2 protein chains.
Amino acid sequence: MSRKRANSHDVAKLAGVSRTTVSFILNRVTGVQIPEETRRRVWEAARQLNYYPDAAARSLASGKSHVIGLILCQQADHLAADLFLPEVLRGITDNARGWDFRVLLETVANVSAPDAYLSLARERQIDGIVISGPRSDDQQLGQLVAEGFPLVLQGRLRGADIPFVDVDNVAGAKQAVAHLIRLGHQRIGLITNAPLHYTASEDRYRGYRQALSEAGIAYDEALMRQGDFVEESGYQAMRELLGLPTRPSAVFVASDVVAFGALAAIREQGLRIPQDMAVVGFDDIRLAPYMHPPLTTVHLPAYELGWQAGDLLLQLIRGETPMRTAVLLPTELVIRRSCGARARQKD
Amino acid sequence: MSRKRANSHDVAKLAGVSRTTVSFILNRVTGVQIPEETRRRVWEAARQLNYYPDAAARSLASGKSHVIGLILCQQADHLAADLFLPEVLRGITDNARGWDFRVLLETVANVSAPDAYLSLARERQIDGIVISGPRSDDQQLGQLVAEGFPLVLQGRLRGADIPFVDVDNVAGAKQAVAHLIRLGHQRIGLITNAPLHYTASEDRYRGYRQALSEAGIAYDEALMRQGDFVEESGYQAMRELLGLPTRPSAVFVASDVVAFGALAAIREQGLRIPQDMAVVGFDDIRLAPYMHPPLTTVHLPAYELGWQAGDLLLQLIRGETPMRTAVLLPTELVIRRSCGARARQKD
DNA sequence: TCGTGTTACTAACGCGTGTTACTATTATAT
DNA sequence: ATATAATAGTAACACGCGTTAGTAACACGA
C-alpha cells in the first residue's frame with residue numbers, strides 16, 4: 001500500500017489504458033466512444049486507488065476553479081444583526097453544490113480598502129462573485145463589471161446596471177402600510193431599517209409613501225425616523241415618535257430587529273400594543289411569532305434569495321444570457337397580533 | 001494594450017530578468033540576494049502589467065491551496081436558529097486573512113452522506129478544515145483525523161481526541177444556576193438548548209447539576225425538559241413546567257432562542273417575570289437586552305470562537321504543535337431583569 | 001483490392017507557478 | 001597571480017490534469 005496520493009497516471013496504469021482515456025471516462029466526456037468494459041475497469045481502478053483528481057491541477061488545465069465567491073460587505077455591527085445569513089448561505093451553497101461549485105466566503109468591513117476582494121477574481125481563485133450588501137462607493141465593483149467578470153448583487157444598487165437579486169422592498173412595505181390603513185389608521189409612523197442611502201431602506205420608504213398616497217393620506221415628515229440596523233436604533237427612534245405632541249396610532253418599522261427595539265420602547269411607556277400603538281415589521285425573523293406581542297411583519301424569502309443569486313451567477317458563468325438579470329422576489333404579509341387585526345395566536 | 005492576462009513570464013521579460021527572479025522577489029523569498037534596484041524594477045513591471053499570480057498554478061506548484069474549509073453540520077432548522085454564525089464567520093475570516101488564507105464554506109445537512117465534504121480535502125481544495133457542530137456518527141471525520149489532515153472542531157465531541165474550540169459550557173451553566181440559587185431559588189427548572197446527545201447540551205446540563213449539587217439541592221428530574229434549538233421547543237417545554245403540580249420558581253433555559261419561546265409561554269399564563277418565574281438564558285443573543293423583560297443570560301464570545309478556531313487550525317497547517325489543542329473560552333453572566341436581581345435597565 | 005468509415009484508443013502539448021541546483025561575474029584574501 | 005567567497009542571478013524540472021490531433025485496427029461496400 002503506497003502512502004502517496006494516486007494521480008490519474010496511476011489509475012491509467014492499473015486499468016491498462018492511457019491517462020487521456022482515464023480523463024475522458026471519469027469526466028464523462030461526451031462524443032468519445034469507449035466500451036462499457038473499459039469504463040468499468042477505469043472506475044474500478046480509481047476506486048481501488050482512492051483516486052481524487054487534484055483540484056489545483058484541474059483548475060490550471062481547465063481555466064475554471066469551480067468556486068464562486070460570496071462577499072459580505074456589511075460592516076461588523078450590521079452583519080451581526082443580519083439574522084438571515086444562515087439561510088442565505090444555505091440557499092447559495094445548495095444551489096452551487098448542484099452544479100459542482102463551491103462557495104468561498106469573504107467578509108469585508110471596509111469596501112474602500114485597496115484590495116478587499118478584487119484579487120479573488122484576478123488570481124482566478126473564483127469564477128464568479130456574489131456581492132451581498134453592495135455599496136455604491138465600491139471601486140472594485142465597477143472594475144469587475146467593466147472587465148465582464150461574472151457578478152451578481154444580492155441587494156440592489158441604484159443607477160448601476162448590474163444583475164441583482166433582491167426582495168421587492170417597495171411592494172412589501174406598501175403591503176404592510178396598506179394593511180395598517182385598512183385597519184383604520186391615519187397617522188402612521190415610519191422607522192426605516194437603515195439610513196436612506198441604503199437602497200433597501202429607500203425602497204421601503206417609497207413603499208410607505210406610495211401606500212399613504214394611494215389612500216389619500218398626506219405624508220408627514222415628522223412621523224418618520226431613520227433606523228440603523230440594530231435594536232437600539234429602533235428603541236431610540238420609537239421614543240422620539242412617542243414624544244411627539246400627537247403621536248401616531250401605528251408605526252411601520254422596516255426591520256424586525258429594529259422593531260424589536262421599538263416594541264421595548266412602547267412597552268416602557270406603558271402603552272399597549274396594538275391598542276395604543278399598532279406595529280408592523282419587516283423581515284419576519286424567526287423570533288417574530290414569539291415576540292410580545294407576536295409581530296405582524298413582511299416575510300422575506302431568505303433561502304430563496306441565496307438560491308436565486310447563485311442561480312443567476314451560475315448562468316452567467318456558464319456563458320448563458322439569463323432571461324432576467326433583475327430578480328425581485330415577492331414578499332408576503334404575515335398577520336399576527338401587533339397590528340391589531342384578528343389572527344391566530346402564533347404564526 | 002494586450003487583452004490577455006499577464007503571467008510571471010511577461011513580468012520577467014519586462015523587468016529584464018528571469019521568471020525565477022520574479023518569483024523570488026514577489027514572494028519575498030528569504031535567503032536570496034537581490035539588489036534593491038532589481039526588486040524595484042520587478043515590482044514596477046508587475047504593477048504595470050497588472051500582474052496577479054494564478055492561484056491554481058500556485059497551488060499546483062506549492063501543494064498548498066491557502067484555503068481552509070468551514071463545514072456547517074447543523075441541519076437546516078438548527079442552522080437558521082444559529083444567530084451567531086455571522087460573528088463566527090467574521091472571526092474566522094478575519095484571522096485567515098491575516099495569514100493570507102481564504103475560507104471555503106460548505107453546509108452539510110446530512111453528515112452521513114457518502115461524500116459531504118471529504119472530497120474537499122481529498123481533492124486538495126483546502127489545506128485544513130473547521131467543522132462546526134460535529135456529530136459523533138460522522139464517518140468522514142474519523143477518516144480525516146486518521147489521515148492526519150489538519151482539522152479543528154468548533155464544538156466539542158466527547159470521546160474523540162480531536163483539537164477543538166468551544167465555550168466552557170459547564171462553567172457557564174453553573175454560573176447561571178448558581179446565580180439563581182444565590183437569589184434564593186430552590187426549585188429551579190431546566191430547559192436544555194438541545195437533546196442531550198449534543199455535547200454542548202449535555203455540558204450545560206452538567207453545569208446545572210453541579211450548581212445544584214454544590215448548593216445541596218437535590219436534583220429533581222421532573223423539573224427538566226429538553227429543548228430542541230428552536231423557539232417552539234422552549235414554548236412547549238415551559239408550558240409543561242408550568243403545568244406541574246408545584247412549578248419551579250425559576251428556570252434556566254440553556255439557549256436564548258429557546259428561552260424566547262419560554263418567555264412567551266410564561267407571559268401567556270399571566271405570570272410575571274421575574275416575580276412569579278425567574279429566567280436565565282444562555283448565549284446572550286443581540287436581542288436579549290430588548291426582550292420583555294430584558295434577559296439575564298450567559299454571554300458567549302462568538303467572534304472569539306471563530307477566531308480561535310481559525311488560529312488553532314492555521315497552527316496545525318503550518319506544522320506547529322499548538323500548546324493547547326483544547327480551547328475552552330470563558331463565558332460571562334450578564335445580569336438583566338429576568339432573573340430578579342437588581343440591574344441596570346438595559347444591557 | 002481499394003478506399004472509406006468506425007471504433008478505441010494514445011502521444012504530446014499547454015496551463016503558470018515554485019523551487020533546486022547550478023553558473024557567471026566580481027570582490028577579497030593570500 | 002591565484003584561490004576563495006560573495007553576489008546576482010538562471011535553466012530546468014515538477015506539479016497533475018484537460019484536450020487536440022492523430023493513429024492503429026478492423027469492418028464493409030464497391
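In this predicted model, helix α4 of chain A and helix α4 of chain B cross in a left-handed sense. The two helices, each spanning residues 55–62 of its own chain, have axes that come within 8 Å and cross at roughly 140°. Since angles over 145 degrees would count as roughly antiparallel, the pair α4(A) and α4(B) is therefore classed as oblique. On the side of chain A, the contact is made by A:Ala56, A:Ala57, A:Ser59 and A:Leu60, and on the side of chain B by B:Ala56, B:Ala57, B:Ser59 and B:Leu60. Sorted by class, the residues in this contact of α4(A) with α4(B) comprise six nonpolar and two polar ones, with no charged residues.

Within chain A, six strands are assembled into an open sheet of mixed pairing, in which the order of the strands is β7-β6-β8-β9-β10-β12. The edges of this sheet are occupied by β7 (224–225) and β12 (332–334) of chain A, each of which pairs on one side only. Strand β6 of chain A, made up of residues 188–191, is joined to β7(A) by two bridges and pairs with that strand in the parallel sense; in this pairing, A:Ile191 has A:Arg225 of β7(A) as its bridge partner. Helix α10 of chain A (residues 199–214) packs on the sheet, where it touches β6, β7, β8 (250–253) and β9 (278–283) of chain A, and the direction of this helix makes about 175° with that of β6(A). A further helix, α11 of chain A (residues 231–242), lies across β6, β7 and β8 of chain A and runs at about 150° to β6(A).

Individual residues around these elements were then considered. A:Gln186 is located in the loop between α9 (169–182) and β6 of chain A, and with a relative accessibility of 52% this residue counts as exposed, the cut-off for that class being over 50%. When its neighbours within four places in sequence are left aside, A:Gln186 is in contact with A:Ile217 and A:Ser249. The separation between A:Gln186 and A:Cys73 is 113 residues in sequence and 38 Å in space, C-alpha to C-alpha.

A:Thr199 belongs to helix α10 of chain A and has a relative accessible area of 11%, so that this residue is classed as buried, a term that requires under 20%. Residues up to four places away in sequence not being counted, A:Thr199 touches A:Arg156, A:Leu157 and A:Arg158. In chain B, B:Thr199 lies in helix α10 (residues 199–214) and, at 11% relative accessibility, counts as buried. The contacts of B:Thr199, with residues up to four places away in sequence again not counted, are with B:Arg156, B:Leu157 and B:Arg158.

Attention was also given to backbone geometry, for which the general expectation is that most residues other than glycine have a negative phi and that most peptide bonds are trans. In chain A, the peptide bond leading from A:His292 to A:Pro293 is cis, with omega near 0°, and A:Pro293 is placed in the loop between β9 and β10 (296–299) of that chain. In chain B, a cis peptide bond with omega of about 5° links B:Ile273 and B:Pro274, and B:Pro274 is situated in the loop between α12 (256–268) and β9 (278–283) of chain B.

Positive phi values at residues that are not glycine were found in chain B at B:Arg124, with about 65°, and at B:Asp283, with about 125°. B:Arg124 is part of the loop between α7 (118–122) and β3 (128–132) of chain B and is partly exposed, its relative accessible area being 42%. B:Asp283, by contrast, is found in strand β9 of chain B and is buried, with a relative accessible area of 11%.

Finally, B:Ser112 is located in the loop between β2 (102–107) and α7 of chain B, and its relative accessibility of 51% places B:Ser112 among the exposed residues. B:Ser112 and B:Asp138 are 26 residues apart in sequence, while the distance between them in space is 6.0 Å, C-alpha to C-alpha.

Key: Residues are numbered from 1 along each chain as its sequence is written. Chains are lettered from A and ligands numbered from 1 in the order in which they are written. This is a predicted model: local features need pLDDT of at least 70, side-chain atom pairs count only at pLDDT 80 or more; totals for chains, interfaces and linings use all residues. Side-chain values use heavy atoms; hydrogens and water are left out. Axes are lines fitted to C-alpha atoms, for helices over the stretch in contact, and angles run from 0 to 180 degrees between N-to-C directions. Helices (H or I, at least four residues) and strands (E, at least two) are DSSP runs, numbered from the N terminus. Angles under 35 degrees count as roughly parallel, over 145 as roughly antiparallel, 65 to 115 as roughly perpendicular and the rest as oblique. A crossing is left-handed if the near helix is turned anticlockwise from the far one by less than a right angle, and right-handed if clockwise. Contact means heavy atoms within 4.5 Å. Ala, Val, Leu, Ile, Met, Phe, Trp, Tyr, Cys and Pro count as nonpolar, Asp, Glu, Lys and Arg as charged, and the others, Gly among them, as polar. Two strands pair if DSSP finds at least two bridges between them. Buried means under 20% relative accessible area, exposed over 50%, partly exposed in between (1.4 Å probe, protein chains only).
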